[in-house]
Amino acid sequence: FTNHVESDYLVFDDHSTLHDEVSRCLEKEARAYFIDWTYAGWDNKPDHEHWAGCDTDLLCCTPDVVSVEFLSGTFPTRGGAEPGTFLNFVNVNGHAREFTEAELFAPQSGWEKKVSDMVVSKLPKVQNIPAGTVANFESEQLSRFTVTPKTLQIHIDNAQIPDAGGGESVV
């Protein structure tokens, strides 16, 4: 098993049911991106050069967890980077099931505030945002996440942060 692999188009080839299902999900994301971005702009003519803008980062691949960040790149008619798609799968009896950040924490434990406080405390180091600019994040703002073998990464859309510009911050 490996962690943090980058690919334009990621396909697992070990033919396990878990990885086949993850591959199908990634293919669905890639096909939606390709169809949308190649026919949506310039006079409905294919623009295949933007296929290369697709990027998939495999952040975690263990027998029980697969975490992937799918970045769809840019397209001239839409102006700038599009937000990433974050896919986190857990192995349930050999099958891939997406899971949410709420499943990582005990219900009613106050995890939302604790994770929000952690993100707020680390954000100035990640994004050079002056301390005190952001007070907290709501739970729906924490729903863009990936896991690695050692960390939980929260991906914050910088549009939610005053004066942060575009793109995303990863805490």
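Start by selecting β3 and strand β4 (residues 85-92): six bridges join these two strands, which run antiparallel. Keep in mind as you go that you are looking at a predicted model. To see one rung of this pairing, pick V68, whose bridge partner in β4 is L87.

**The five-stranded sheet**

Now step to the other neighbour of β3. Select residues 55-61, which make up strand β2, together with residues 65-71, which make up β3; six bridges join this antiparallel pair. Within it, click on D57 and look across to E69, its bridge partner in β3.

Zoom out a little and colour the whole sheet. Five strands form an open sheet here, ordered β1-β2-β3-β4-β5, and the pairing is antiparallel. Which strands stand at the edges? They are β1 (5-7) and β5 (95-98), and each has a single partner strand, so one side of each is left without a neighbour in the sheet. If you turn the view to follow the strands across, the twist averages 25 degrees from one strand to the next.

While the sheet is on screen, show the side chains. In a regular strand the side chains alternate between the two faces of the sheet.

**The hairpin at the edge**

Next, select β4 and β5 together. Four bridges join them, and they run antiparallel. The two strands form a hairpin with two residues between them. Centre on N93 in that turn: its phi is positive, at about 50 degrees. Close by in the selection you can pick V92, which stands opposite H95 in β5.

**Two salt bridges**

How many salt bridges does a search of the whole structure find? The search finds two, and you can visit both.

For one of them, show R97 and E103 as sticks. Their side chains meet in a salt bridge, with 2.9 Å from N to O. Add a surface to see how these residues sit: E103 is partly exposed, with a relative accessible area of 42%, and R97 also counts as partly exposed, at 38%.

For the other, move to helix α2 (residues 111-127), where K113 and D117 lie four residues apart, about one turn of the helix. The side chains of K113 and D117 meet in a salt bridge at 2.8 Å, N to O. Is K113 buried or exposed? K113 counts as exposed, at 55% relative accessibility, whereas D117 is partly exposed, with a relative accessible area of 35%.

**The three-stranded sheet**

Keep α2 visible and bring in β7 and β8. The helix lies across both strands, running at about 110 degrees to β8. These strands belong to an open sheet of three, in the order β6-β7-β8, with antiparallel pairing. The edge strands are β6 (145-147) and β8, each of which pairs on one side only. Ignoring direction, neighbouring strands of this sheet are turned by 20 degrees against each other on average.

Select β6 with strand β7 (residues 152-157) to see an antiparallel pair with three bridges. In this pair, F145 stands opposite I154 in β7.

**Last stop: S169**

Finish on S169, in strand β8 (residues 168-170). This residue is buried, with a relative accessible area of 1%. What does S169 touch, leaving aside residues up to four places away in sequence? Show L123, V126, Q127, I154, H155, I156, N158 and I161, and you have its contacts. Two stops meet here: I154, the residue opposite F145, is one of the residues that S169 touches.

Key
Residues numbered from 1 in each chain as written. Predicted model: local features only at pLDDT ≥ 70, side-chain atom pairs only at ≥ 80, totals over all residues. Heavy atoms only, no water. Pairing = 2+ DSSP bridges. Axes fitted to C-alpha atoms, helices over the stretch in contact; angles between N-to-C directions. Buried < 20%, exposed > 50% of the residue type's maximum accessible area, 1.4 Å probe, protein only. Contact = heavy atoms within 4.5 Å. Salt bridge = Lys/Arg side-chain N within 4 Å of Asp/Glu carboxyl O.
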